[in-house]
Amino acid sequence: MIAGITGVSENAFALSQPNIDCQSGSICVHPGDFMTYSTEFEKVPSIETYTFGDHIGTDKVSVSITSVLNGTKIQSNNILDLKTGFYNETANGSGLPILVMAPTPINIGKNISGVSEKTQNFIGSQRDVVSVANNTATATNEIGYDKETGVLMYLHLIPKSANAVTSILDVSFPTKYDLINTNMFANSVTQADLQIPSWIKNNAKWWAQGSLTDDDFTKGIQYMVQNGMMKIPHTQSDSSLPHQIPSWVKTSAGWWANGQISDIDFVKGIQYLANSNIIHV
C-alpha cells in the first residue's frame, strides 16, 4: 500500500522511556501517543482510537485499539513490532499491519507514479503529507501519511463497481479513515513552552511509589492547571479513550521525578489524562 515510500530515521529522538531510542527505518512512537479516526467500513461509520503504551524491549510496544460503533465500545490490547509494523504477530512472523503508522520520517520515492507531497491543514497546523494515489478501472484509492511523524492522515478506498479486485489497493466496498485527533503533532513543544513548578516532582515521586492515591495526584494536577500554576500544551479531548489511568503514566511520573525523562515527556502523560477526561483542565 505504500509502494515507493521508504522510511529513514533522519532525526530520531528519545522515547518516553530510559535507554530506548527510535531505530532507523522503524515506527517511532512515545508512550501516550494516540490517534483518533473517523472511519467508514462498508458504509458503516465508527470512531477508532489507537493509543500506545509501554515499550517491551527495544523493538515492541503495547497498543490499545478502541472502536466505538453504534454507541458500543470495543477495545483490544495488542503488541506492535516497531520494525515490521505488524501487531499480534504469530511464531511464523505473520500478523496484522498497523496501517495508521509508517516508518519516520518518510522519504518520497522519486519518479514513482501516483506518489506526491502536499500540505494539509490539521486543526490549525500545516502538515507535510506524502500521498499515494491509485486510480484503476474498479476503484479510486488514496492514502496519505504525515511526512514527519508517519501518522496516517487519511485513507480513502472507493470502489467504482462491484467487480472483482484487480489491485492490492482495490476493495469491493468503501473504506475510509480520516484523522480527527492526535497528540503526535505536539512534539515541537519546547521546554520554554512549559511551566511546571519544581515541587510537583515530589507529588510525582510519591504517586509512583504508592504514597499518593491516583485521585489525589489527578486532583492536584487539575488544581494547578486550572489556577495557572502549571501550563501544558492544549489538545482535544477524546471520549473514546479508556477512562482509567494506565500504568505507563505512573511509571513515567516516577522516571520524571528521578530525572530520567524530560518535562516534555512527562507532560505527555498529563495530556493523556486530559484527553481521556480523567482530569478536566
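## A tour from Thr140 to helix α2

Begin by selecting Thr140, which lies in strand β11, the run covering residues 139-146. The model on display is a predicted one, and every stop on this tour should be read with that in mind. Thr140 counts as partly exposed, because its relative accessibility is 38%, which falls between the 20% and 50% limits that separate buried from exposed.

Next, display the surroundings of Thr140: leaving aside residues up to four places away in sequence, Thr140 touches Asn134, Asn135, His156, Leu157, Ile158 and Lys160. From this group, pick out Asn135 and show both side chains, which are joined by a polar contact of 3.3 Å. Then turn to Lys160, which is 20 residues from Thr140 in sequence, while the C-alpha to C-alpha separation of the two in space is 7.1 Å.

Now move to Arg127, which is found in strand β10 (residues 125-135). Arg127 has a relative accessible area of 8% and is therefore buried. Its contacts, again not counting residues up to four places away in sequence, include Lys118, Thr119, Gln120, Phe122, Met153 and Phe185, together with Asp146 and Glu148.

Which side chain meets that of Arg127 in a salt bridge at 2.9 Å, N to O? Select Asp146, whose side chain is the partner in that salt bridge. Since Arg127 lies in strand β10 and Asp146 in strand β11, the pair ties together parts that are 19 residues apart in sequence. Both Arg127 and Asp146 are buried.

Keep Arg127 selected and add Glu148, with which Arg127 forms a salt bridge whose closest N and O atoms are 3.0 Å apart. Glu148 lies in the loop between β11 and β12 (152-159), whereas Arg127 belongs to strand β10, so this pair ties together parts that are 21 residues apart in sequence. Unlike Arg127, which is buried at 8%, Glu148 counts as partly exposed, with a relative accessibility of 48%.

A search of the whole structure finds 8 salt bridges, and another of them is reached by selecting Lys219 and Asp215, whose side chains meet at 3.1 Å, N to O. Both residues lie in helix α2 (residues 214-226), 4 residues apart, or about one turn of the helix. Lys219 is partly exposed at 47% relative accessibility, and Asp215 is likewise partly exposed, with a relative accessible area of 42%.

As a last selection, take Asp59, Lys60 and Asp81, which are joined into one network by salt bridges that share partners.

Methods
Residues numbered from 1 in each chain as written. Predicted model: local features only at pLDDT ≥ 70, side-chain atom pairs only at ≥ 80, totals over all residues. Heavy atoms only, no water. Helix = DSSP H or I, 4+ residues; strand = E, 2+ residues; numbered from the N terminus. Buried < 20%, exposed > 50% of the residue type's maximum accessible area, 1.4 Å probe, protein only. Contact = heavy atoms within 4.5 Å. Polar contact = N/O pair within 3.5 Å; in protein donor to acceptor, adjacent residues only side chain to side chain. Salt bridge = Lys/Arg side-chain N within 4 Å of Asp/Glu carboxyl O.
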